[in-house]
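Biologist: I am new to this structure and would like a close look at a single part of it, the second largest pocket. Please take me through what lines that pocket, and then place it beside the general layout of the protein.

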Amino acid sequence: MNVKQKTIKGEISVQGVGLHTGANVTLTFCPAPENHGFKFQRTDLPDQPIIDADCDNVTDTARGTTISQNGASVSTVEHVMASLVGMDLDNVLIKLDGPETPIMDGSAILFLEALESVGFVLQSVDREYFQIPHNITYTEPDRKVEIVAMPLDDYRFTCMIDYNSPVLGSQHAGISSIAEFKKEIASCRTFCFLHELEYQLQNNLIKGGDLNNAIVIVDKEVTREELDHLAKIFKRSAIDVAPQGILNNMELRYQNEPARHKLLDMIGDLALVGVHLKGHIMAARPGHAANVAFAKKIKAAIKKEKNKKIQHVYDPAVKPLYDVMQIMDILPHRQPFLFIDKILELSKTHVVGVKNVTMNEEFFKGHFPGAPVMPGVIQIEAMAQTGGILVLSTVPDPRNYLTYFLKIDNVRFRAQVLPGDTIVFRCDLMEPIRRGIAQMKGVGMVGEKVVVEAEMMAQITKVKESDRVS
């Protein structure tokens with residue numbers, strides 16, 4: 001059953017400070033039309049620029065995920081993005097009047113509850129899913145990062161973290177379905193080690209940091225003087241180290257809350273792929289940089305799969321609709337200038353033909369004979385002959401007509417064609433044939449790889465008596 005796209009019923013705002021900038025920010029979730037996706041809008045800047053929530057727009061992953069476009073940036077988008085995916089939404093405009101999303105309590109739960117409070121509405125267009133077709137892997141050996149996406153008819157996550165810390169240790173977290181996000185993951189807060197906190201404080205990197213929005217793991221011996229200094233910075237009467245090895249600023253919501261938060265970050269970063277995913281994501285020691293690199297790898301796989309759908313992969317060994325003898329009953333071309341061996345498909349709007357490239361071709365005698373490559377002009381001619389079958393199929397007596405080129409546009413040669421290759425050409429009418437003029441889009445493929453493409457215009461002309469082949 002097809003799933004319809006969703007947006008929210010109305011606007012809802014939350015307010016807070018940015019973790020790194022310390023800026024007070026109002027963030028407003030707004031309904032958006034079908035196929036809009038997730039976009040951020042900086043309402044505090046001239047012209048209120050919009051930034052697509054896309055992994056290709058990521059410009060920084062140092063202490064969160066930053067996206068930039070149209071001269072504007074938004075930092076720390078991962079918790080907001082995770083809440084949108086966790087609420088199973090498709091189209092939302094996120095307006096904010098500052099450079100960074102508010103950190104709130106360090107998790108995604110307050111964003112999710114705001115979205116939940118306003119409700120959602122089904123839209124008229126079907127949702128697009130990308131189902132992981134095969135294992136997609138990403139590794140960073142230096143950091144011991146390993147991520148793999150495996151085929152599954154759901155969205156499942158398994159995450160392991162290991163910081164070589166005797167306090168934190170190795171932790172695992174997982175959800176069997178994205179439907180578990182709210183209950184198991186959304187409320188898990190960000191964390192840092194005490195030595196990182198001290199460095200960030202010394203370098204003014206967490207202007208909006210507060211002990212209310214982060215778990216601080218004490219990974220070193222700490223004196224009473226240091227604890228009192230932290231208490232003064234964060235305006236607390238006292239700070240101590242809790243038995244779990246964290247500062248006693250807060251209680252853990254789960255024993256493995258850090259691992260669950262890393263899973264939350266990953267869901268948010270992978271939302272930048274731009275479509276709903278189906279697959280099992282398993283990650284060891286992930287981080288924002290690795291998450292975004294992996295998102296880009298998935299996005300490349302999506303593009304490849306779309307190209308496969310657009311450029312259907314044909315089996316040249318199937319029984320042809322026309323063999324070469326039947327082709328010669330339609331086309332006037334003869335060896336050595338007949339470049340089509342089979343026609344696999346023919347309809348009113350498209351045709352599929354096959355050219356088997358052998359070392360015996362006449363053109364290999366003079367075209368780079370020491371390193372034979374099929375000439376591009378011959379590829380275009382073969383494509384045109386394939387299109388000629390389509391055009392001539394529109395007249396009752398094709399032997400009494402010829403097709404002549406009028407124009408060739410947007411020619412692209414994507415890869416070399418070598419002896420032993422089999423090119424499958426597909427030509428589609430770009431518009432109905434009018435006054436004998438046909439415009440076609442042609443693509444040539446060797447296996448799953450596009451080798452040549454072009455747009456062609458041809459004219460059907462009735463054969464004069466003097467032009468007839470005897």
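Modeller: What follows describes the pocket first, and then turns to the domains and to one pair of helices. Please keep in mind throughout that this is a predicted model. The second largest pocket holds about 770 Å³ of space, and it is lined by 35 residues, of which D90, E128, G274, V275 and H276 are the closest to its centre. Three elements each give two or more residues to this lining, namely the strands β4 (38-42) and β18 (276-284) and the helix α7 (288-310); among the elements, α7 gives the most, with 4 residues. Sorted by class, the lining of this pocket is made up of 15 nonpolar residues, 13 charged residues and 7 polar residues.

As for the general layout, the protein is divided into three parts: domain 1 is written as two stretches, 4-186 and 259-305, while domain 2 covers 191-252 and domain 3 covers 324-462. When the centres are taken over C-alpha atoms, domain 1 and domain 2 lie 27 Å apart.

One helix pair can be added to this picture. Helix α1, residues 78-86, packs with helix α2, residues 109-118, at an angle of about 40°, and the axes of the two helices are 8 Å apart. Because of that angle, α1 counts as oblique to α2, and the crossing of α1 and α2 is right-handed.

Conventions
Residues are numbered from 1 along each chain as its sequence is written. This is a predicted model: local features need pLDDT of at least 70, side-chain atom pairs count only at pLDDT 80 or more; totals for chains, interfaces and linings use all residues. Side-chain values use heavy atoms; hydrogens and water are left out. On a 1 Å grid over the protein atoms alone, a cavity is a set of points where a 1.4 Å probe fits but cannot get out, and a pocket is an open set with protein on both sides within 12 Å along at least five of seven lines; lining residues have an atom within 4 Å of a point. Grid points are joined across faces, edges and corners, and a volume is the space filled by probe spheres set on the points. Ala, Val, Leu, Ile, Met, Phe, Trp, Tyr, Cys and Pro count as nonpolar, Asp, Glu, Lys and Arg as charged, and the others, Gly among them, as polar. Domain bounds come from an automatic or database domain assignment. Axes are lines fitted to C-alpha atoms, for helices over the stretch in contact, and angles run from 0 to 180 degrees between N-to-C directions. Angles under 35 degrees count as roughly parallel, over 145 as roughly antiparallel, 65 to 115 as roughly perpendicular and the rest as oblique. A crossing is left-handed if the near helix is turned anticlockwise from the far one by less than a right angle, and right-handed if clockwise.
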